[in-house]
Each structure stands twice: as structure tokens, then as C-alpha cells.
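The exercises below ask you to work through a structure step by step, each with a worked solution. Try each task with the model in view before reading on.

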Amino acid sequence: MESLPAFRRCALAQARRPHRSIPPIRLDFLAPATLRGQRQYASTTGPSGSSKPRYVLSKQQREFLDSALRVNQAGELAATLIYTAQTPQVVRSHPHLRPLMKHMYDQEAGHLKTFNGLVAKHQVRPTAMYPVWETAATFLGWSTAALGREAAMACTEAVETEIGSHYNDQVREILSWEADAARRGEELDEELQDMLSTFRRIRDEELEHLDHAVANDAKEAKPYDPLVDVIRLGCRTAIKISEKI
């Protein structure tokens, strides 16, 4: 019986210890459902401090957001893998590009962390094509870097052209909901407004990467047109598949 007070003292000591957050890992979108919050797309409460009713999303609109988050997560995962494969070869021959490659990788890793959190929070099913995209992205990064700095930058230009356009389509879609809400005398939920801001910010950062690529001789890649066309087609195909699978 003397062990019971000792057990209580141990439990109390554990409860008093300061909580330490565990840094997310790359695949934290595979966390169990117990770590995920409930969907908040269809909440009926209005934004805090607002007297306007909240715009309630339809089933199709919720499905659009599910698809958007799944595709965005897959795209950002692929981007981190491309830069991971490219960087050693590129900086070996061009050490001055190390800060730029690190900057672009760090931004992509931040994007991935953001979408990992959103996918888990809203219980969105991640793409089942993860193993395929992982292999394809790694090969794409390695092979374009092997062709030289210009080809690696052409890869970035091609990928970011498609990804930037895709984010822009998502932003326009949510803005159309915002306009519809205004016509009804309603407004978007705070969380959806935050998501819109996030999509805009990440889109702009992706387009910044495109500008960096062009400034670093992406268009000097040989052969430029076939290389960029094939990569862009691959990106569009991956987006369409990840929207559904």
C-alpha cells in the first residue's frame, strides 16, 4: 500500500513539468486520427466580433477544399524532395548558389509543414500516390541537376509555373465564394479567410522561386523547350491524379 502515495507523487510531478512541443516530422500528415481535430469547414458560428452570419459551404465546396489540401500537400512534399536531390550537385559546381538553394528549400519545407497541419486538422485523406511521387520527385531533382545548373533551374521554372497557376486557381475559387457571401450579406469563416491568406502567401513564394530560376539562366538549359514541356505536363498530370487519389 505504500507504493500508492509514491505513484501519486510521481504522477503529480509529471503533471507539473512544463510541456514541450515535439517538432513535426516530414510525414506528420500520417499521424493517427486521435491527433487530428474535427473538420471546421461547416461550422455555423460566425467570425468573432462580427454581426454577419457565416457563409456555409456546400458539399461540393468542402470537397474542393479537401482536394486542394491533398494536392497542395503532395506538391510541397515533391518540391522538398526535388531540392533535396538537386542541391548537392548544384552547389558542388556552383558554391555561390548554396544560400539560394537553402532559401528555396526552407520555404518549401515550411509550406509542407503548413499543409501537413491542415490535412491532419481537417482529416483530409492524403494522396495514395505518395510512394510514386516520392520516387518521381527525387529522380527529377537528381536528373536535372546532373544535366547542369541551367537544367536544374529550368526544372524549378517549369514546376513553379504549374504550381503557381494551380494556387492561383484555388485563390480565385475561394474569392468567388467570398463574393457570393457578400451578395448574401454573409462572410467567410475566419479559418477559411486564414486559409485564403495562406494560399496567397505560398503562391507568391512559389512565384518568387520561378523568378530566381529565370535569373539564374533557366532558359539557357539544353534542350530548354522539351525539358520544360515534359516537366510541366508531368506536374499537371500529378495534380489531376492527386485530386482524386
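**Exercise 1.** Determine which helix gives the most to the lining of the largest pocket in this predicted model, and describe the residues found there.

*Solution.* Step one is to take the elements in turn: helix 2 gives the most to the lining of the largest pocket, with seven residues, and the elements that each supply at least two residues are helix 2, helix 4 (130-146), helix 5 and helix 7 (224-244). Step two is to look at the residues themselves, for the lining has 22 of them, and Ala78, Trp133, Gly234, Cys235 and Ala238 are the ones that lie nearest the centre of the pocket. Step three is to sort the lining by class, which yields 17 nonpolar and five polar residues, with no charged residue. The space in this pocket comes to about 460 Å³.

**Exercise 2.** Find how many cavities of 30 Å³ or more the model holds, and work out which residues line the largest cavity.

*Solution.* The count comes to two cavities of 30 Å³ or more, and the largest cavity has a volume of about 60 Å³. Its lining is made up of Ala79, Ile82, Tyr83, Cys155, Thr156, Val159 and Glu160. When these residues are assigned to elements, helix 2 (59-93) and helix 5 (149-183) are found to give two or more residues to the lining, and helix 5 gives the most, with four. Sorted by class, the lining of the largest cavity has five nonpolar residues, one polar residue and one charged residue.

**Exercise 3.** Locate the residues that the UniProt annotation "binding site" covers, and establish how far apart they lie in space.

*Solution.* Begin with the record: the annotation, from an unreviewed UniProt entry, covers Glu108, Glu160, Glu206 and His209. These residues are spread over 102 residues of sequence, yet they cluster in space, with a largest C-alpha distance of 11.3 Å. Of this set, Glu160 is taken in by the lining of the largest cavity.

**Exercise 4.** Decide whether glutamate 206 is buried or exposed, do likewise for histidine 209, and then list the contacts of each residue beyond four places in sequence.

*Solution.* Glutamate 206 lies in helix 6, and because its relative accessible area is 1%, glutamate 206 is buried, the cut-off being under 20%. Leaving out residues up to four places away in sequence, glutamate 206 touches Glu76, Glu108, His111, Glu160, Ile163 and Tyr167. Histidine 209 is also placed in helix 6, and histidine 209 counts as buried because its relative accessibility is 0%. With neighbours within four places in sequence again set aside, histidine 209 is in contact with Tyr83, Met104, Gln107, Glu108, Thr156 and Glu160.

**Exercise 5.** Identify the residues of the largest nonpolar core that touch the most other members, and follow one of them, tryptophan 177, to its contacts.

*Solution.* The largest nonpolar core has 52 residues, among which Leu69, Met101, Ile174, Trp177 and Leu192 touch the most other members. The elements that each supply at least two residues of this core are helix 2, helix 3 (98-121), helix 4, helix 5, helix 6 (190-215) and helix 7, and helix 5 gives the most, with 13 residues. Turning to tryptophan 177, and not counting residues up to four places away in sequence, one finds that tryptophan 177 touches Tyr55, Leu57, Gln61, Phe64, Leu65, Leu188 and Leu192.

Methods:
Residues numbered from 1 in each chain as written. Predicted model: local features only at pLDDT ≥ 70, side-chain atom pairs only at ≥ 80, totals over all residues. Heavy atoms only, no water. 1 Å grid on protein atoms, 1.4 Å probe; cavity = no way out; pocket = protein on both sides within 12 Å on 5 of 7 lines; lining within 4 Å. Points joined across faces, edges and corners; volume = space filled by probe spheres on them. Nonpolar A, V, L, I, M, F, W, Y, C, P; charged D, E, K, R; others polar. Core = buried A, V, L, I, M, F, W, Y, C linked by side-chain atoms within 4.5 Å. Buried < 20%, exposed > 50% of the residue type's maximum accessible area, 1.4 Å probe, protein only. Contact = heavy atoms within 4.5 Å. UniProt positions renumbered as here; feature names shortened; annotations may be inferred.
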